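User: I have a model open in front of me and would like to reason through it step by step. Can we start with the structure itself?

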Amino acid sequence: KEYRKDLEEGMKGKGMTVFEDTPDLIRVKNAAQILNERQYKKDLETEIKGKGMEVGPDTPEIRRAKKASEIASMKEYKKDLENEIKGKGMEVSTDTLDIQRAKKASEIASQVKYKKDLGNEIIGKGMQVGPYIPEIQWVKRASEITSQKMYKDEAEKMLCNYSAVPDTPEMERIRSTQKNISSV
């Protein structure tokens, strides 16, 4: 720093200018930087690798760094997607026709595969599947009988709470009118 200060004061005072970024100086700086990088790599190999420390793609730290880089990349991709595509008015959602068509095709393929597996695994091994199996019919019939029994029990309970209304003259007149209409 002192040398540089003296140089500037000495040169500037005598009418000379100092060119700091001449092509030769830039070339020398780049060469010094490359030399420093080579020296660093050499020191890395002798100091770290030579002492049995592992520096390679399989170390947990490097794997963790790669995973963090992938996650950051995915976040950047999603951010770019939102800015570039959604921001320009294009719609990217699950409601687009192509995505709906793809989902439907996937569901159909899944159903076809399920039916194929059903045919191979169950029916192919001699088992029956359908509403005509005696056990299924028996369960349905038992359910119907239980339902009818419950209905009848409810009806009997309701009859206890109500009584028959005696026929009034008006009711008899209505019945006779209905018979006359019916016979005509």
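User: How far apart are the end C-alpha atoms of H6, and what should its 15 residues span?

Analyst: This is a predicted model, so the check is on predicted coordinates. At 1.5 Å a residue, the 15 residues of H6 should span 21 Å. The expected span agrees with the model, because the end C-alpha atoms of H6 are 21 Å apart.

User: Which helix has the highest confidence, and which the lowest?

Analyst: Start with the whole protein: the average pLDDT is 76, and 73% of the residues score at least 70. Where pLDDT is low, the predicted coordinates should not be read in detail. Confidence is lowest in helix H1 (residues 2-13), at a mean of 75, and highest in helix H6 (residues 169-183), at 88.

User: How many helices and strands does the protein have?

Analyst: Read along the sequence, the pattern is α-α-α-α-α-α. The secondary structure comes to six helices and zero strands.

User: What is the count of buried residues in H6?

Analyst: Buried means under 20% relative accessible area. In the whole protein, 2% of the 184 residues count as buried. H6 is hardly covered, and among its 15 residues the count of buried residues is zero.

User: What share of the accessible surface belongs to carbon and sulfur atoms?

Analyst: The accessible surface of the protein comes to about 17700 Å². The share that belongs to carbon and sulfur atoms is 58%.

User: How many salt bridges does a search of the whole structure find?

Analyst: Side chains of opposite charge can pair when their charged atoms come close. Glutamate 144 and arginine 141 meet in one salt bridge, at 3.5 Å, N to O. Lysine 149 and aspartate 153 meet in another, at 3.3 Å, N to O. The search of the whole structure finds two.

User: Why are glutamate 144 and arginine 141 separated by about one helical turn, and in which helix?

Analyst: An α-helix has 3.6 residues a turn, so residues three or four places apart point the same way. Glutamate 144 and arginine 141 are three residues apart, which means about one helical turn, in helix H5 (residues 134-161).

User: Where do lysine 149 and aspartate 153 lie?

Analyst: The two are four residues apart, about one turn of the helix. Both lie in helix H5.

User: Are glutamate 144, arginine 141 and aspartate 153 buried, exposed or partly exposed?

Analyst: Partly exposed lies between the 20% and 50% cut-offs. Glutamate 144 has a relative accessible area of 42%, and arginine 141 has 46%. Aspartate 153 has 31%. So each of these residues is partly exposed.

Notes:
Residues are numbered from 1 along each chain as its sequence is written. This is a predicted model: local features need pLDDT of at least 70, side-chain atom pairs count only at pLDDT 80 or more; totals for chains, interfaces and linings use all residues. Side-chain values use heavy atoms; hydrogens and water are left out. Buried means under 20% relative accessible area, exposed over 50%, partly exposed in between (1.4 Å probe, protein chains only). Accessible areas come from the Shrake-Rupley method with a 1.4 Å probe; for residues, only the protein chains shown count as cover. pLDDT is the predictor's confidence in each residue, from 0 to 100. The expected span of a helix is 1.5 Å times one less than its number of residues. A salt bridge is a side-chain nitrogen of Lys or Arg within 4 Å of a carboxyl oxygen of Asp or Glu.
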